[in-house]
Amino acid sequence: QVQLVESGGGLVQPGGSLRLSCTASGSISSIANMDWYRQAPGKERELVASITNGGSTNYADSVKDRFIIARDNAKNTVYLQMNSLKPEDTAVYYCKANVRSAGPRYLPYWGQGTQVTVSS
């Protein structure tokens, strides 16, 4: 069993910053990609940023140059530094990790989500 626990969400004013964290625990042999998604009310869940276990990153166009994804492989943790936040960044943010436990396959696991609200 693998669990992902997120933290760091909250209310912030436009132009402000927040840092999200997500730590994976449980039966973990290795972790491939770690991703951040978000889902705003009435919208589909969308990929915000992803990072490979080698550190290669990818971002949605809407957050490029504002958000930074990073990971600490020793701690099984992924971070999302969010700067210059806009009201349209308001959403529930979810982390996802592709984890290999005892067998050869990587399976996707999701965190419970953390609310980010950008408002004055």
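In which strand is the place of R38? R38 lies in strand β4, and the points below work outward from there. The model discussed here is a predicted one.

1. Surroundings of R38. Although an arginine side chain is the subject, the relevant figure is its accessibility: R38 has a relative accessibility of 7%, under the 20% cut-off, and therefore counts as buried. Its side chain makes a polar contact of 2.9 Å with the side chain of Y93. A polar contact of 3.4 Å also joins the side chains of R38 and S62.

2. Wider contacts of R38. Leaving aside neighbours within four places in sequence, R38 is in contact with E44, R45, E46 and V48, among others. The list also includes S62, V63 and F67. Further along the chain, the contacts of R38 include E88, D89, A91, V92 and Y93. S62 and Y93 thus appear both in this list and as side-chain polar partners of R38, S62 at 3.4 Å and Y93 at 2.9 Å.

3. Strand β4 against β9. Strand β4 covers residues 30-39 and is joined to β9 by eight bridges, with the two strands running antiparallel. Within this pairing, I31 stands opposite V99 of β9.

4. Other partners of β9. Five bridges join β9 to strand β10 (residues 106-110), again in the antiparallel sense. V99 has L107 as its bridge partner in β10, while I31 stands opposite V99 from another strand. The connection from β9 to β10 is a hairpin through five residues. Strand β11 (residues 114-118) also pairs with β9, antiparallel and over three bridges. There, T114 is the bridge partner of Y93, the residue whose side chain is in polar contact with that of R38.

5. Burial of β9. How many of the ten residues of strand β9 are buried? Eight of them are, so this strand, residues 91-100, is largely enclosed by the rest of the structure. C95 is one buried residue to note, with a relative accessible area of 0%.

6. The disulfide. The structure holds one disulfide. It joins C22 to C95, with an S to S distance of 1.9 Å. The pair links distant parts of the chain, with C22 in strand β3 and C95 in strand β9, 73 residues apart. The torsion about the S-S bond is about 45°, so the disulfide is right-handed. C22 counts as buried at 1% relative accessibility, and C95 is buried at 0%.

7. The sheet that contains β3. Which strands form the open sheet, and in what order? There are four, in the order β1-β3-β8-β7, with antiparallel pairing. The edge strands are β1 (2-7) and β7 (67-72), each of which pairs on one side only. From one strand to the next, the twist averages 15°. Strand β3 (residues 18-26) pairs with strand β8 (residues 77-82) over six bridges, in the antiparallel sense. One position in this pairing is T23, which stands opposite T77 of β8.

8. Reading the parts together. Strand β9 is joined to β4 by eight bridges, to β10 by five and to β11 by three. The disulfide from C22 to C95 connects strand β9 with strand β3, and β3 belongs to the open four-stranded sheet. For anyone inspecting the model, R38 in β4 and Y93, its polar contact partner at 2.9 Å, give one place to begin; the disulfide of C22 and C95 gives another.

Conventions. Residues numbered from 1 in each chain as written. Predicted model: local features only at pLDDT ≥ 70, side-chain atom pairs only at ≥ 80, totals over all residues. Heavy atoms only, no water. Buried < 20%, exposed > 50% of the residue type's maximum accessible area, 1.4 Å probe, protein only. Pairing = 2+ DSSP bridges. Polar contact = N/O pair within 3.5 Å; in protein donor to acceptor, adjacent residues only side chain to side chain. Contact = heavy atoms within 4.5 Å. Axes fitted to C-alpha atoms, helices over the stretch in contact; angles between N-to-C directions. Disulfide = S-S within 2.5 Å.
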